[in-house]
Amino acid sequence: MSSVEETKAKSKPFEIILDKEQIAARIGQLGRQITSDYAGESVVLIGMLKGCMVFMADIIRHISLMTEVEFISARDYRRERTSEDDLCYVGGNAPKIAGRHVLIVEGIVDTGRTASIIIDKLKHLEPASIEIVTLLDKPSSHRVKIEVKYRGFSVGNDFVIGFGLDNAGAYRNLPYVGRMVED
Ligand code: IMP
Ligand code: MG
């Protein structure tokens, strides 16, 4: 595996930081941990589109519990203030989570603002519990106090792509995670 590859779409170089095997192994571990932590319960997984999609598809197959899956769409507000109005429930209606155990499924937590707003919003619906499950976390980029209970990998502050994560809409289909590098 070469350390630096280029995509035909954008011709921007990136370096692979997590390969398919590493990611698959870690997602298996996370799924088993969640299965054990919530033994005897059912969970509602709420995916944050679009970055969650590949991770969601993989992790649900490692969670041996009764599960339901919902999605929320949020604009990418990393450089601006995020508000509840930026979120929309896929399908139109808020998921029925009163008294349920909720797992927010994210591709990546960066400043933590998006996840934090979503948690505040969902708490009004009175779930029994609510936790974050993210494939990637950038702990040193957090700008709000947020507890990430289930993280696949901690990464640095570099912009990363692949495994569902995009740069300007591209690269979501890469089966590994890469870090953008200077041309
Ligand atoms: P936050 O609200 O700052 O935590 O940002 C979370 C969202 O920003 C993620 O769901 C991604 O859509 C996007 N994002 C943050 N960092 C990256 C990155 O390195 N690559 C791709 N998307 C990112
Ligand atoms: Mg994005």
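Buried means under 20% relative accessible area. Keep that cut-off handy for the tour of this predicted model.

**Stop 1: the aromatic cluster**

Select Tyr171 to start. Its relative accessibility is 4%, so Tyr171 counts as buried. Now add Phe14, which is buried too, with a relative accessible area of 1%.

How many aromatic pairs does the structure hold? There are two. Take Phe14 and Tyr171 as your opening pair: the ring centres sit 5.9 Å apart and the planes meet at 85 degrees, so this one is edge-to-face. Colour by secondary structure and you'll find Phe14 in strand β2 (residues 13-18), while Tyr171 is in the loop between β9 (160-161) and β10 (177-180). The pair therefore ties together parts that are 157 residues apart in sequence.

Keep Phe14 on screen and bring in Tyr176. These two rings form a tilted aromatic pair, 6.2 Å centre to centre with 40 degrees between the planes. Tyr176 also belongs to the loop between β9 and β10, and Phe14 to β2, so this pair ties together parts that are 162 residues apart in sequence. Is Tyr176 buried or exposed? Its relative accessibility is 13%, so Tyr176 counts as buried. Show the three side chains together: ring pairs link Phe14, Tyr171 and Tyr176 into a cluster.

**Stop 2: a surface detour**

Next, click on Glu21, which has its place in helix α1. With a relative accessibility of 56%, Glu21 counts as exposed. Then select Pro175 and draw a distance from C-alpha to C-alpha: you should get 9.8 Å, although Glu21 and Pro175 are 154 residues apart in sequence.

**Stop 3: the nonpolar core**

Stay with α1, but look at what it gives to the core. The largest nonpolar core has 27 residues, and those touching the most other members are Ile34, Leu135 and Leu136. Show these three as spheres, then highlight the elements that give two or more residues to this core: α1 (20-37), β3 (42-49), α2 (53-59), β6, β7 (129-137) and β8 (150-154). Which element gives the most? That's α1, with four residues.

**Stop 4: ligand 1**

Now centre the view on ligand 1. Display its shell and you'll have 15 residues around the ligand, the closest being Thr111, Gly112, Thr114, Lys138 and Val160. Colour the shell by class to see four nonpolar, three polar and eight charged residues.

Turn on the secondary structure again. Both β6 (101-109) and α3 (113-123) supply at least two residues of the shell. Strand β6 gives the most, with three residues.

Zoom in on the oxygen atoms of ligand 1 and check these distances:

- Thr114: a polar side-chain atom lies 2.4 Å from a ligand oxygen.
- Asp110: here a polar backbone atom is 2.9 Å from an oxygen of ligand 1.
- Glu106: a polar side-chain atom lies 3.2 Å from an oxygen of the ligand.

To finish, switch on the protein surface. How much of ligand 1 does the protein bury? Taken alone, ligand 1 exposes 490 Å², and the protein buries 92% of that.

Definitions and conventions
Residues numbered from 1 in each chain as written. Chains lettered and ligands numbered in written order. Predicted model: local features only at pLDDT ≥ 70, side-chain atom pairs only at ≥ 80, totals over all residues. Heavy atoms only, no water. Near = heavy atom within 4 Å. Polar contact = N/O pair within 3.5 Å; in protein donor to acceptor, adjacent residues only side chain to side chain. Areas by Shrake-Rupley, 256 points an atom, 1.4 Å probe, with all protein chains shown as cover. Nonpolar A, V, L, I, M, F, W, Y, C, P; charged D, E, K, R; others polar. Phe/Tyr/Trp six-rings, centres within 6.5 Å; stacked < 30°, edge-to-face > 60°. Buried < 20%, exposed > 50% of the residue type's maximum accessible area, 1.4 Å probe, protein only. Core = buried A, V, L, I, M, F, W, Y, C linked by side-chain atoms within 4.5 Å.
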